[in-house]
Number of protein chains: 2
Amino acid sequence: MLLINGQPCDSVSALDRGLSYGDGLFETIRFEQGKAPLWSRHMQRLATGCERLGMPAPDAALIWQEAQQVTDKLAQCVLRITLTRGLGERGYAPPIQVSPTRIVVAFPMPVVSRTLYLEGVRLHRCHTTLADQPLLAGIKHLNRLEQVLARAEWSDPAISEGLVCDSHGNVISATAANLFAVIDGVLVTPSVDRCGVAGVARAAILEAFPNCQVRDVALDEGVRAAELFLSSSVRGILPVQAVGDTVYAPGPVVRAMQQHWRDLGFAMEQA
Amino acid sequence: MLLINGQPCDSVSALDRGLSYGDGLFETIRFEQGKAPLWSRHMQRLATGCERLGMPAPDAALIWQEAQQVTDKLAQCVLRITLTRGLGERGYAPPIQVSPTRIVVAFPMPVVSRTLYLEGVRLHRCHTTLADQPLLAGIKHLNRLEQVLARAEWSDPAISEGLVCDSHGNVISATAANLFAVIDGVLVTPSVDRCGVAGVARAAILEAFPNCQVRDVALDEGVRAAELFLSSSVRGILPVQAVGDTVYAPGPVVRAMQQHWRDLGFAMEQA
C-alpha cells in the first residue's frame, strides 16, 4: 500500500521537484509487529534534513498515522518515507510557498540469511568515491547517484555490500550501511561530516557505546582492523567476513553489538 | 502538454528511481518556431550521460517526434526531457533489465528583458560550493541539490544568477548557466571535469571560438576579468553587469558572442 499526502495513490506529478532535482529526503524504517524501535531517531534525522534543505518540518504524528495504515497486518516490513519540496516552477529556485509531497509506502522485509549474521558478509572494494559536500553530508537526501554507481560495480550475489571511500582515501561506509571497526582494541566509526549518511542504527550504537571513536579512518587502517561490521536500520548488525581477499572472523565486539541490536527490539536475528 | 513514454500523462510511479535516487538525466532545450538549433548537442550530452550512468542510450528520433508533438503550435518554448532508470526494486542496485522512463514536457519560454541582454545581469556570490565528483561532472543528471541550495541563497529579483565556486576557490559557473571571462585579452571558461555541467551553449561557443581556454580559474582572477558573461541554451548570452559590488561593462567579446548566438538561429535577442 502506498499513500501520497495521505491518499491511496501510486503516482506523483511528473513536475515534482523530487523527480526534477532530487530535491527532498527519505527514510527507510524497519517495522516488526507494528513497532519501529528506531522511529524517533528516523524522525529526528528527517527534521534535521528539512532544516538543512530549508524545507518545512514534517508532522511526525501524521507520518506515524500513515505508517500504521500502510504497515497494518504486516508482521515485518520496511517503510519508506519520501518527502520532497513538492511542485515548483521550472528552475532551481525553491518555491516561496512550499507544499511538500509525502510518500509513505511499505516494502517487504529483505531476506538476510542467518548465515550472514553468523559468519558475516563479503564486501567489494568500490572504485566510486564519495565527494566532500559538508552541506549535504549526514542527511538522507534524494541525490543518491554516487551510491547507485558504487552499487553497480558488482553483480555477484555472493557479495552483499561495497566498501566506499572518500576522495582522500578514507573509508566511509558501505553503499547502504554504516561501518564500524575495532582498531587496536578501540571501537571506531568513520566521521560523516563531509560525506556519507549518519545512519540511525549508527546513532543508536554511538549512544549505547559512548567510547566509540568517530574520526577519519584511512583505508589501510580500516582494512587492518581486528573486527569490521556494518550497521543498518533495516538489516541490523552484520559482521564483515571479507573485503576483497582480506578475511575477518566475527569477534566479541560485533557479537555484543548484535546482542544490543536484539535488545532494542529487533528480535529475529539470532546470530 | 506532457508525454510519459509517449503517452499523454502527467504523473510517474512513486517508485521510479528518478524520484527515489535522482537516478537519471535531463535536458532543457529551447524551441523557436518548431526548431531547436542545438538539438544534436543536447542529444549528444544525453547519450554521454547515459553511458556514464550505465543506462541504455535513448532513441533520439523517437524523442524528436515527441518533442514535435508537445511543442506543436508554440512559437517559443523550453522543452524538458527527463530520462530515468525507470522502476526498480527498493535499494541502490540498478535493475538488470532497465525500462527507462522518458518524460517530455514543454514549458513557457522564460521572459528575459532586453535590458538584461544589453546591460547585463547581476550575480550573487554563492557560499554553496560544488563538490568534486569527476564521475558525475559535466553531465546533466538529476542530483541537483547543490544548485537548489545555491539558488536558495538569494531572493532579490534584481539578481538574476549566482556565481558558484568549487571547494578549492575556483569559479565554476552560475547556478544554471556556464561562465566565460576575458582575462588579459584571452577568452576563458572554467573546466567542468570535476564539477559543474558542460552546457550545450558552452560547447557551441567552444567550437566556434577554438582559441578559448578551458582551465581552472581562481575566483580572484575571474572577478578581475575585463568581461564576464553567461551562456545558457535557454537564455542565450548574458553579459554580467555585477558580481556583488564589482561592476562590469559589456565589452566587444560578449557582443561578438551575442551575434554568434543570433547567427545560430536564436534571433530574438537583439541586444
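This report walks through a predicted two-chain model, from its symmetry to a few individual residues.

## How the two chains relate

Start with the overall arrangement. A turn of 180 degrees, with a shift of 0.0 Å along the axis, lays chain B on chain A at an RMSD of 0.0 Å. That is what a two-fold axis does. The two copies also use the same surface, since 100% of the contact residues of chain B turn up again in chain A.

## What the interface looks like

Each side has its share in the contact: 56 residues come from chain B and 56 residues from chain A. Together the chains bury about 4,200 Å², and carbon and sulfur atoms give 70% of that area. On the chain B side, the residues that lose the most area to chain A are B:Arg90, B:Tyr92 and B:Leu145, which together make up 20% of what that side buries.

What about polar pairing across the interface? There are 18 residue pairs in polar contact between chain B and chain A, counting pairs with both residues at pLDDT 80 or more. Salt bridges between the two chains come to 0. As for secondary structure, helix α5 of chain B (residues 145-151) gives the most to the side that touches chain A, with 6 residues.

## Cysteines without partners

How many disulfides are there over all chains? A search of the whole structure comes back with 0. Take A:Cys165, which is in no disulfide: its nearest cysteine sulfur belongs to A:Cys126 and sits 8.7 Å away. A:Cys165 counts as buried because its relative accessibility is 4%, under the 20% cut-off.

Over in chain B, why is B:Cys195 not bonded to B:Cys165? The closest cysteine sulfur to that of B:Cys195 is the one in B:Cys165, and at 9.5 Å it is too far for a bond, given that a disulfide needs the sulfur atoms within 2.5 Å. B:Cys195 is buried as well, with a relative accessible area of 5%.

## A closer look at A:Asn178

Is A:Asn178 buried or exposed? At 6% relative accessibility, A:Asn178 counts as buried. This residue lies in strand β10 of chain A, which covers residues 178-183.

The side chain of A:Asn178 does have a polar partner: it reaches the backbone nitrogen of A:Gly199 at 3.0 Å. A:Gly199 is also in the contact list of A:Asn178, which leaves aside neighbours within four places in sequence. Others in that list include A:Val197, A:Ala198 and A:Arg202, along with A:Phe229, A:Leu230 and A:Ser231. A:Ser173 and A:Val192 are in contact with A:Asn178 too.

Terms used: Residues numbered from 1 in each chain as written. Chains lettered and ligands numbered in written order. Heavy atoms only, no water. Least-squares fit on C-alpha atoms with pLDDT ≥ 70 in both. Contact = heavy atoms within 4.5 Å. Buried < 20%, exposed > 50% of the residue type's maximum accessible area, 1.4 Å probe, protein only. Helix = DSSP H or I, 4+ residues; strand = E, 2+ residues; numbered from the N terminus. Polar contact = N/O pair within 3.5 Å; in protein donor to acceptor, adjacent residues only side chain to side chain. Buried area = accessible area lost by both parts, 1.4 Å probe. Salt bridge = Lys/Arg side-chain N within 4 Å of Asp/Glu carboxyl O.
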